[in-house]
Amino acid sequence: MKNIFLSTVVSSALIFGVTGCGNDKDKSISTLKVQKEVQKVSSSDRKNILENKIKSYAEYGFDINKTSSKNYIFTLKEPKKVIETLLGVFNLNFSLDNQDREELIKLLQDTKFNVNVDWDKYASNQPHSIEVALLGKKDNHKSIDKFLKDKKLGAYLTYDMQDKLTKIDFKDIEDKLFNADSNKTAYINLKNTFIDVKSTTVYDFKSQKFEFKIADEFNSSVEIGYKDAECNVDKKSLLFGSQKCQIPNVYFVISEDGIGANKINLNGITTLYSLIKKNSKVSEDAEFGIKSIDFKDTDIKDIKVSINLENIDANIMKQYEDMITNISDDYKSDMKKVLLLAGKIYQNGVVLKYNASMNSFKLLSDGVNFEIDGYNGHGETTFDNNITHSDKSIINNIIVSDSTNAKNAFVLRNFEFNYGIRDLYNFMPEVLESISEIQFEDNATKAQMAFNDSVIGIAEDIVHNGLNVYIDALGFDNMTFSDAGARYSLDKTHFDLDVKLQKNDLKLDANNPMTSMMLLSYLKADGKFVVPAKDLQTLAQKPELAMLGMLMMMAKLEGDNAVFIIKFENGKLLVNGQPMM
């Protein structure tokens, strides 16, 4: 059944790729487009153009057999050529390692496609003039052999007078397939799915409905589906341009016999991605949103995340673009180069920003209600010789309550957490370089040793260069806790901390934890904890919180607040001037 799903995806990609959709920058795809840019062409000339196009597919590993004046059988004899072409089209050259590629090659080897041309329709530019269908392989399982021979998995192509592809209509499918060997049944439902092609890099994808379900003899099943998906691609080259998608509903259903079905609904999904070049710099933007997530006793509303990477060196991106358009047979070598280029990206003043928000999160588990009401966060990181970062988050309300007694509850209002980095050695290039060396080591023992050495080396570089991190604000406006008639309350509370590690030349040893303890002599920290004195005194009077009385004795009073000045230096911790260790 896995092969059914893979065949659906792969055949769709093949149809999408070899018919001209993709990226102008990909030279291998452009050679497949044998188009004549004239407005008036005779039927015989147009037939010759298309037949030449069909013959040209032989360059990409297909054995082409013309079975009649309008029918052709394509047999994929060299899958590697097609795979490399499609990975280039969709900018996925480095998404599959060598093992994955070999498995895909094995899956596609000797796969057959049927191409049927209605010459009358083609000559008059009528829709569906060409039919492309997956026929499978000689070793098709019986359960899918008839399904494929009936040409149910495929698409209709429409061309204009210039022999340019204008539309791909995927065939509607509503079928079920039974595998007697595993006693599993696959259900496939695809409705009204098509691609409007404006150019090789500008196209719209729409699909009304997709469902795929696998069920066994014990009424256990797994199902995935979506409704009314739409994506718009507007690219200028292989890398640069934008694409956005919206899907009103995606769902997953896992059913187990005797337990029932668990369904996850993702509603109102939106995505946006763009890579834009302006002068000598490049910016990358990604946005993701979900209106709601419904799952059993979980309800999440309005998630939004945006990530922006700006000030990227355009020359580095050009090197990357050249690399993925001229992929070699040495995957390991190419992947190493990509990781090294990524390391260069995270330097020279590149800025990474994020914004995130969530309206609400509700979870009922084991009789406990957990709620988050209103979250907003944003951060900014700059990668230069050093790393600097600032991050601010606020949650309006956090509520934990007993589902059987709402009076038993913990409530935290206006929780705030602001932190950052003023100075940190930029370890990103070093990390990516280490990954490029370690991930291709076949010997597990050597790989583990190299990993350990790399971690120690990077940690030493960070420690030797010193660092400065801080908590600007950690606190809340009000906290209450009620249980069995008892009520505890704490008003506005604030904590801040500044930590500095001085530059040093200590040698770290993973086998000797004491070397890390020696860092304490280079560590300096200053902090402040502020809490309402009245609330602290009230809490200290409760028997179960009597230890707070000792804390109150150490407090320094400033107005209505109890203040604790925290200082760590020369390996010693002081609170309001009193040594703690």
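**Exercise 1. Find the strand that holds S274, then work out whether S274 is buried or exposed.**

Start with the location: S274 sits in strand β12 (residues 260-278). Keep in mind that this is a predicted model. Next, check the accessibility. S274 has 13% relative accessibility, and buried means under 20%, so S274 counts as buried. Last, look at what surrounds it: leaving out residues up to four places away in sequence, S274 touches G241, S242, S283, E284 and D285.

**Exercise 2. Describe how helices α10 and α11 pack, and say which residues meet.**

First, get the two helices in view: α10 covers residues 428-438 and α11 covers residues 444-464. Their axes are 10 Å apart, at an angle of about 170°. Angles over 145 degrees count as roughly antiparallel, so that is the label for α10 against α11.

Now for the contact itself. From α10 come E430, V431, S434 and I438, and they meet A447, A450, F451, S454, G457, I458 and D461 of α11. Sorted by type, the residues of this contact are 6 nonpolar, 3 polar and 2 charged.

**Exercise 3. Take the salt bridge between K507 and E460 and say which parts of the chain it ties together.**

Begin with the distance: the closest N and O atoms of K507 and E460 are 4.0 Å apart. Then place each partner. K507 is in the loop between β20 (486-501) and α12 (514-517), while E460 belongs to helix α11, so the pair ties together parts 47 residues apart in sequence. Finally, compare their surroundings: K507 is exposed at 64% relative accessibility, whereas E460 is buried at 10%.

**Exercise 4. Do the same for K567 and D526.**

Here the closest N and O atoms are 2.8 Å apart. K567 lies in strand β23 (residues 561-569) and D526 in strand β21 (residues 523-532), so to speak distant parts of the chain, 41 residues apart. Both partners land in the middle category: K567 is partly exposed at 33%, and D526 is partly exposed at 29%.

**Exercise 5. Find the largest nonpolar core and the strand that gives the most to it.**

The largest nonpolar core has 70 residues, and those with the most contacts inside it are F74, V117, I130, A562 and F564. Strand β8 (residues 184-197) gives the most, with 4 residues. Now zoom in on F74: beyond its sequence neighbours up to four places away, it touches residues including I54, Y57, F62 and F113. There is also a second, separate core of 21 residues, with L275, V282, V338 and L341 among them.

Conventions
Residues are numbered from 1 along each chain as its sequence is written. This is a predicted model: local features need pLDDT of at least 70, side-chain atom pairs count only at pLDDT 80 or more; totals for chains, interfaces and linings use all residues. Side-chain values use heavy atoms; hydrogens and water are left out. A nonpolar core is a set of buried Ala, Val, Leu, Ile, Met, Phe, Trp, Tyr and Cys residues joined through side-chain atoms within 4.5 Å. Buried means under 20% relative accessible area, exposed over 50%, partly exposed in between (1.4 Å probe, protein chains only). Contact means heavy atoms within 4.5 Å. Axes are lines fitted to C-alpha atoms, for helices over the stretch in contact, and angles run from 0 to 180 degrees between N-to-C directions. Angles under 35 degrees count as roughly parallel, over 145 as roughly antiparallel, 65 to 115 as roughly perpendicular and the rest as oblique. Ala, Val, Leu, Ile, Met, Phe, Trp, Tyr, Cys and Pro count as nonpolar, Asp, Glu, Lys and Arg as charged, and the others, Gly among them, as polar. A salt bridge is a side-chain nitrogen of Lys or Arg within 4 Å of a carboxyl oxygen of Asp or Glu.
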